[in-house]
Amino acid sequence: MIQMKKRIIRIVILLFYCIPFTFLAINADAKSGTMIFYGLMFVGLVGACCLSLKIKNIPIIYIGNALSFISSYIATKASDLEQMSHYFKPFTQNSIIVVWSVLAVIFQTIIVLIYLKKKK
């Protein structure tokens with residue numbers, strides 16, 4: 001029964017990571033001109049990271065970040081964000097997705113390292 005609950009929690013975390021956080025943040029930034037959505041993006045990703053640490057499953061963090069990047073990249077391709085590429089200069093809409101996704105992974109890796117250091 002406990003294994004089933006852990007499996008369901010893992011699936012829910014991975015589904016949560018499938019939300020295109022980076023796309024939603026840069027899309028909202030481009031449309032509203034506010035950077036608050038980047039903060040919300042990091043809160044969502046850090047929340048998923050902490051939940052993954054709580055169930056002691058670190059690989060979910062990196063698999064989830066890959067899923068989030070893929071969903072953001074696909075959402076960018078399917079959106080009209082390309083028309084606003086002048087807003088992100090010198091980056092393109094795709095390269096800004098890569099930059100923010102890499103920053104999110106770095107930030108979550110720092111959280112994982114702190115968690116592992118405290119665990120010892």
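These are my notebook entries on a predicted model of one protein chain.

**Entry 1: confidence**

I started with how far the predictor trusts its own model. The mean pLDDT of the protein chain is 87, and 92% of the residues reach 70 or more. I then looked up where confidence is lowest and where it is highest among the helices. Helix α2 has the lowest mean, 86, and helix α4, residues 59-78, has the highest, 92.

**Entry 2: the whole chain**

Next I looked up what the chain is built from. I found five helices and zero strands, so I wrote down the pattern along the sequence as α-α-α-α-α. The C-alpha trace spans about 50 × 30 × 20 Å along its principal axes.

How much of the chain is buried? Of the 120 residues, 38% are. The accessible surface comes to about 7400 Å², and carbon and sulfur atoms account for 73% of that.

I also checked how contacts run along the sequence. Taking contacts between residues at least 6 apart, 77% join residues at least 24 apart.

**Entry 3: helix α2**

I went to α2, which covers residues 21-32. Its 12 residues should span 16 Å at 1.5 Å a residue, and the end C-alpha atoms are indeed 16 Å apart. This helix is mostly covered, with nine of its 12 residues buried. I listed the buried ones: Phe21, Thr22, Phe23, Ala25, Ile26, Asn27, Ala28, Asp29 and Ala30.

Thr22 caught my eye in that list. Why does Thr22 count as buried? Its relative accessibility is 2%, and the cut-off for buried is under 20%. Beyond its sequence neighbours up to four places away, Thr22 touches Met41, Ser72, Ile97, Trp100 and Ser101. Ile97, Trp100 and Ser101 are themselves among the buried residues of α5.

**Entry 4: either side of α2**

Before α2 I stopped at Pro20, which is in the loop between α1 (2-17) and α2. Which residues does Pro20 contact, apart from neighbours within four places in sequence? I found Ser68, Ser71, Ser72 and Ala75. Ser72 is also on the contact list of Thr22. I took one distance from here as well: Pro20 and Trp100 are 80 residues apart in sequence, and their C-alpha atoms are 12 Å apart in space.

After α2 I looked at Gly33, which comes just after the helix and takes a positive phi of about 75°. Then I moved on to Met35, in the loop between α2 and α3. Is Met35 buried or exposed? Met35 counts as exposed, at 53% relative accessibility, because the cut-off for exposed is over 50%. The C-alpha atoms of Met35 and Ala104 are separated by 15 Å, with their positions 69 residues apart along the chain.

**Entry 5: Lys56**

I made a separate note on Lys56, in the loop between α3 (36-54) and α4. Lys56 has a positive phi of about 60° although it is not a glycine. Its relative accessibility is 60%, so Lys56 counts as exposed.

**Entry 6: helix α5**

Last came α5, residues 93-119. I repeated the span check here. The 27 residues should span 39 Å at 1.5 Å a residue, and the end C-alpha atoms are 39 Å apart, which agrees.

Which residues of α5 are buried? They are Gln93, Asn94, Ile96, Ile97, Trp100, Ser101, Ala104, Gln108, Ile111 and Val112. I looked closer at Asn94, which counts as buried at 15% relative accessibility. Leaving out residues up to four places away in sequence, Asn94 touches Tyr73, Thr76 and Lys77.

Val99 is in α5 too, but Val99 is partly exposed, with a relative accessible area of 31%. That value puts Val99 between the cut-offs, since buried means under 20% and exposed over 50%.

**Entry 7: a nonpolar patch**

Val99 led me to the surface. Which residues form a nonpolar patch there? I wrote down Phe91, Val98, Val99, Val102, Leu103, Ile106, Ile110 and Ile114. Together they have about 620 Å² of accessible area. The 31% of Val99 clears the limit for patch residues, because that limit is over 30% relative accessible area.

Technical notes:
Residues numbered from 1 in each chain as written. Predicted model: local features only at pLDDT ≥ 70, side-chain atom pairs only at ≥ 80, totals over all residues. Heavy atoms only, no water. Patch = residues over 30% accessible without salt bridge, like charges linked within 9 Å, V, L, I, M, F, W, Y side chains within 5 Å. Areas by Shrake-Rupley, 256 points an atom, 1.4 Å probe, with all protein chains shown as cover. Salt bridge = Lys/Arg side-chain N within 4 Å of Asp/Glu carboxyl O. Helix = DSSP H or I, 4+ residues; strand = E, 2+ residues; numbered from the N terminus. Buried < 20%, exposed > 50% of the residue type's maximum accessible area, 1.4 Å probe, protein only. Contact = heavy atoms within 4.5 Å. Expected span 1.5 Å × (residues − 1). pLDDT = per-residue confidence, 0-100.
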